Amino acid sequence: MKTDCCKRSDHLRKKGPSNILKMSHVHNESGDEESLELDEDYYTFLNVRREATGDEINNAYRRQSRLYHPDKHSDPIKKKQAENLFSKTKKAYEVLNDPHKRAIYDNLGTKGLETEGWEIVQRTKTAQEIRDEYERLAREREERQLQQRTNPKGSITTNINASELFDVDDTIKYDTRAMPTLEVSGINISQSIEAPLTVNDTISLSGLVQTHNGTGNGVVNCSVRRILSTKSWAEFELGAGNGLTCTARAYRTLSKRCFGNVAGTFQFTPLGLRPGLQVLVGHQLDKHVTGYLTWRAGLQSSMNTTVVWDTAGHHLAFSVQFGLPNTFLMASYARKVSEEFKIKGSVKAGTFGVLVEYGCEKKISRHSVVGASMIVGTPAGVNLKIKVMRGNQNYIFPILLSDQLLPTPILYGTITPILLYFVAQKLIITPFLEAQKKKEKDKQKEANALRMSEKKKEAEAAVSLMQETVARIREQEDMKKGLIIVSAVYGKITLDSTQKPEYQNSEAIDVTIALQCLVKDSKLILYETSKAQLPGFYDPCVGEDKSLYVHYLFHNLLHEITVGDNEMIRIPKQCK
């Protein structure tokens, strides 16, 4: 027996409705999913590529309609089954054979065909114009809901003094039985919300409460922003806390590559009026490089120049500042190792001293990120900063480990968060994510239970109608020693140590007849989409990764192949 040299690959997600389980996610105000909808894949049902020509679509339609035409079946049950499948075949053909409908379907799926307002779209519009029109209609729906939406953001910073763990004063005799104390030296709590008034106007309300070593204060700000055009906006803000503060800001796109903003502030204090001004100009130097020039005048007068290089995987920034409160030189770098993991580091030196920071961030779920960084310098000492981000809420814990540059707090501050993360990953994070994943799968199965039951009946009906055609195909292929599908299984499949497929009957289905029916001229070609919508197929394990195992005979030699759900398959395939 020969084995095709194939490897599994990650499931490919094609643009448009390429998977039967392409879900339409609907979110409520809290961001939770309200519904999961299945979409039809007409290309897969006709077994044609997404770039198929009109002739290819016509040939696929004729071939499939001959199989499912009701007039070819006299049995009442089979005739009814054939009517349903023929109707679906006809619907797929009508959409893909019509350039206008096909353009809408390719960009937006079946939901796009059902969207209200398409009657105003000219049939001569291009695919991009159709997408633009759809987005316009979507914006109109969103505008009707703006009054009900807010965008809350918040941050809680808890400063902890843990220097007694590492700092030892030889002049003081400590009781060896006493435990070092951890002191909460300060807490900052900030919260803001945005409420759209109209399409162009937004009001924001924010507040900050902070305390440090028993002394605290608070600030409340209210601002209104108006979008003046596609190139500019203006904002006015009033603040109360440390005296009344009035701020006016404006932004303007100056050219294709240049933009700027200006902010003027007036703070009323018992000592008199304190004005401030900030002007920023940015220029796109290259595709990934942007330069910024910032000038501040008033209480903090300075000139700052920053250059940022930003790509999908790297972020590098250099900054130089002269003035008050500090003159410094800074360089920072962040590397996106994967979609979930990022490392970063920076060096900052100036009149205040020297600071070196290094750390990492890890995305543990769709809405949650944890991070830790060490800040070492003089005169700042050794600090550990732990950050947890959940949605738009940030929880920050700066921990002072030592006022002095000592190797022990640096070592423990670097190693301890890593060990704590792995312990939390093992005991808390992984079990929680697995429970959430299971809950999501159960939710998908429950939401689509009726639909999948219908798909199962449709697949069984298709297989029943294929029997005579498959018998004829097998006879023809056998005569010329062509392609015979011995067995085929689709669903949740794993390979054992001998590369033999393993599966449970409830998680996989027999698709031998369905695949044999697709054999033409001793060849079988399936394209890079989910196989679940092929005639005779259905999804036996919603939400799970699926594979297709095929055991076939070609030129009297046995072969077998296992591919991922979205991988292309072309057999016979010879080993290299």
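Two helix axes count as roughly antiparallel when the angle between their N-to-C directions is over 145 degrees. In this predicted model, helices H2 and H3 pack at an angle of about 170°, and their axes lie 9 Å apart. By that cut-off, H2 and H3 are therefore roughly antiparallel to each other. On the H2 side, the residues that meet H3 are Ile57, Asn58, Tyr61, Gln64, Ser65 and Tyr68. Their counterparts in H3 are Ala82, Leu85, Phe86, Thr89, Lys90, Tyr93, Leu96 and Asn97. Sorted by class, the residues of this contact comprise 8 nonpolar, 5 polar and 1 charged.

Helix H3, which spans residues 76–97, also packs against helix H7, which spans residues 449–479. The axes of H3 and H7 come within 10 Å and cross at roughly 110°. Since angles of 65 to 115 degrees count as roughly perpendicular, H3 is roughly perpendicular to H7. The crossing of these two helices is left-handed. H3 contributes Lys78, Gln81, Ala82, Leu85 and Lys88 to the contact, while H7 contributes Lys455, Glu458, Ala461, Ala462, Ser464 and Leu465. The contact of H3 with H7 is made up of 5 nonpolar, 2 polar and 4 charged residues. Ala82 and Leu85 of H3 are listed in the contact with H7 and also in the contact with H2.

Helices H2 and H7 reappear in the description of the second largest pocket. This pocket holds about 1,100 Å³ of space. Its lining consists of 38 residues, and those nearest its centre are Arg63, Cys517, Leu518, Val519 and Lys520. Two or more lining residues are supplied by each of helix H2 (54–68), helix H7 and strand E25 (524–526). H7 gives the largest share of the lining, with 10 residues. In terms of residue class, the lining of the second largest pocket contains 16 nonpolar, 8 polar and 14 charged residues.

Several backbone features were also recorded. A cis peptide bond links leucine 324 to proline 325, with omega about 0°. Proline 325 belongs to the loop that connects strand E14 (314–323) with strand E15 (328–336). Another cis peptide bond is found between isoleucine 571 and proline 572, where omega is about 10°. Proline 572 is placed in the segment after strand E28, which covers residues 569–571.

Positive phi values occur in the loop between strand E26 (547–554) and strand E27 (557–564), where histidine 555 is found. Histidine 555 is not a glycine, yet its phi is positive, at about 55°. Asparagine 556 is likewise placed in the loop between E26 and E27. For asparagine 556, also a residue other than glycine, phi is positive and near 65°.

Terms used: Residues are numbered from 1 along each chain as its sequence is written. This is a predicted model: local features need pLDDT of at least 70, side-chain atom pairs count only at pLDDT 80 or more; totals for chains, interfaces and linings use all residues. Side-chain values use heavy atoms; hydrogens and water are left out. Axes are lines fitted to C-alpha atoms, for helices over the stretch in contact, and angles run from 0 to 180 degrees between N-to-C directions. Helices (H or I, at least four residues) and strands (E, at least two) are DSSP runs, numbered from the N terminus. Angles under 35 degrees count as roughly parallel, over 145 as roughly antiparallel, 65 to 115 as roughly perpendicular and the rest as oblique. A crossing is left-handed if the near helix is turned anticlockwise from the far one by less than a right angle, and right-handed if clockwise. Contact means heavy atoms within 4.5 Å. Ala, Val, Leu, Ile, Met, Phe, Trp, Tyr, Cys and Pro count as nonpolar, Asp, Glu, Lys and Arg as charged, and the others, Gly among them, as polar. On a 1 Å grid over the protein atoms alone, a cavity is a set of points where a 1.4 Å probe fits but cannot get out, and a pocket is an open set with protein on both sides within 12 Å along at least five of seven lines; lining residues have an atom within 4 Å of a point. Grid points are joined across faces, edges and corners, and a volume is the space filled by probe spheres set on the points.
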